[in-house]
Amino acid sequence: MEKYYRVGKIVNTHGIRGEVRVISVTDFPEERYKKGSKLYLFLSENRPPFELEVNSWRKHKNFDLLTFVGYSSINDVEPFKGGILKVSEKELSPLSDGEYYFHEIIGCNIVTTDDRQIGVVTKILTPGANDVWVVKSKDGKEFYIPYIDDIVKEIVVEEKIVRIEPMEGLFE
């Protein structure tokens, strides 16, 4: 079964020529939204996704504005509102050493350098200077771990393990 990864959500139309407003969650908009790129639109749980080919992309305020091949009017794209845009796993580009896709980190077990189990990464926040990993412990507590070199010491994606050196007060 093919896997898909979210790159954005269509929140509205823009103008009358088939442009849609997208709130993007990808770190690679230049790659994901370049002309000719394939995206998959998920409109509901019970409908299969369908493929869209990007015709144009531009930034406008906090949105990415996209048009798709074969959809040239507002009437064509009106039904897309609320839809989730995803990219297929086979279209993911390899990353440099020390770079990871969010889906590779989510689900990893967080362990201290002295082998104390902390919990599992449940989501990743991107507030600004660095990402923050939300970690849920076995007893249900949530911790926030900043993804910085001083704390994150080792990531072994294949084993779903991340070793950290907690700074004072991190788990209080």
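Over residues 103-170 the chain is 4% helix and 47% strand, with the C-alpha atoms at the two ends of this segment lying 24 Å apart. These boundaries are those that UniProt, in an unreviewed entry, lists for the feature "domain: Ribosome maturation factor RimM PRC barrel". The model examined here is a predicted one. A further feature in the UniProt record, "domain: RimM N-terminal", likewise from an unreviewed entry, is placed at residues 7-90; over that segment the chain is 10% helix and 49% strand, and the end C-alpha atoms are 14 Å apart.

For the protein chain as a whole, the secondary structure comes to 3 helices and 12 strands, and the C-alpha trace spans about 60 × 35 × 30 Å along its principal axes. Of the 172 residues in the chain, 35% are buried. When contacts between residues at least 6 apart in sequence are considered, 49% of them join residues at least 24 apart.

Strand β1, which covers residues 4-14, pairs with two other strands described here. With β2 (residues 19-24) the pairing is antiparallel and runs over 6 bridges, and within it histidine 14 has glutamate 19 of β2 as its bridge partner. The two strands β1 and β2 form a hairpin with 4 residues between them, and glycine 15, in the turn, has a positive phi of about 75°. With strand β6 (residues 84-88), β1 again pairs in the antiparallel sense, over 5 bridges, and here lysine 9 stands opposite isoleucine 84.

Strand β1 also contributes to the largest pocket of the model, which has a volume of about 710 Å³. This pocket is lined by 28 residues, of which Val25, Asp27, Tyr101, Phe102 and His103 are the closest to its centre. At least two lining residues are supplied by each of β1, α3 (102-105) and β8 (117-125), and the largest share, 4 residues, comes from β1. By residue class, the lining divides into 17 nonpolar, 5 polar and 6 charged residues.

Within the segment annotated as the PRC barrel, tryptophan 133 was examined in further detail. This residue is placed in strand β9 (residues 132-136). Tryptophan 133 has a relative accessible area of 3% and is therefore classed as buried, the cut-off for that class being under 20%. Leaving aside residues up to four places away in sequence, tryptophan 133 touches Ile105, Ile110, Val121, Lys123, Ile124, Phe143, Tyr144, Ile145, Tyr147, Val152, Ile155 and Val162. The C-alpha atom of tryptophan 133 is separated by 26 Å from that of valine 11, a residue 122 positions away along the chain.

Two loop residues were also considered for their backbone geometry. Most residues other than glycine have a negative phi. Lysine 61, by contrast, has a positive phi near 55° and is placed in the loop between β4 (50-60) and β5 (63-68). Because its relative accessible area is 71%, lysine 61 is classed as exposed, a class that requires a value over 50%. Aspartate 115, which is not a glycine either, has a positive phi of about 65° and is placed in the loop between β7 (109-112) and β8. With a relative accessible area of 52%, aspartate 115 is likewise exposed.

Note on methods
Residues are numbered from 1 along each chain as its sequence is written. This is a predicted model: local features need pLDDT of at least 70, side-chain atom pairs count only at pLDDT 80 or more; totals for chains, interfaces and linings use all residues. Side-chain values use heavy atoms; hydrogens and water are left out. On a 1 Å grid over the protein atoms alone, a cavity is a set of points where a 1.4 Å probe fits but cannot get out, and a pocket is an open set with protein on both sides within 12 Å along at least five of seven lines; lining residues have an atom within 4 Å of a point. Grid points are joined across faces, edges and corners, and a volume is the space filled by probe spheres set on the points. Ala, Val, Leu, Ile, Met, Phe, Trp, Tyr, Cys and Pro count as nonpolar, Asp, Glu, Lys and Arg as charged, and the others, Gly among them, as polar. Two strands pair if DSSP finds at least two bridges between them. UniProt positions are given in the numbering used here, feature names are shortened, and annotations may be inferred rather than shown by experiment. Buried means under 20% relative accessible area, exposed over 50%, partly exposed in between (1.4 Å probe, protein chains only). Contact means heavy atoms within 4.5 Å.
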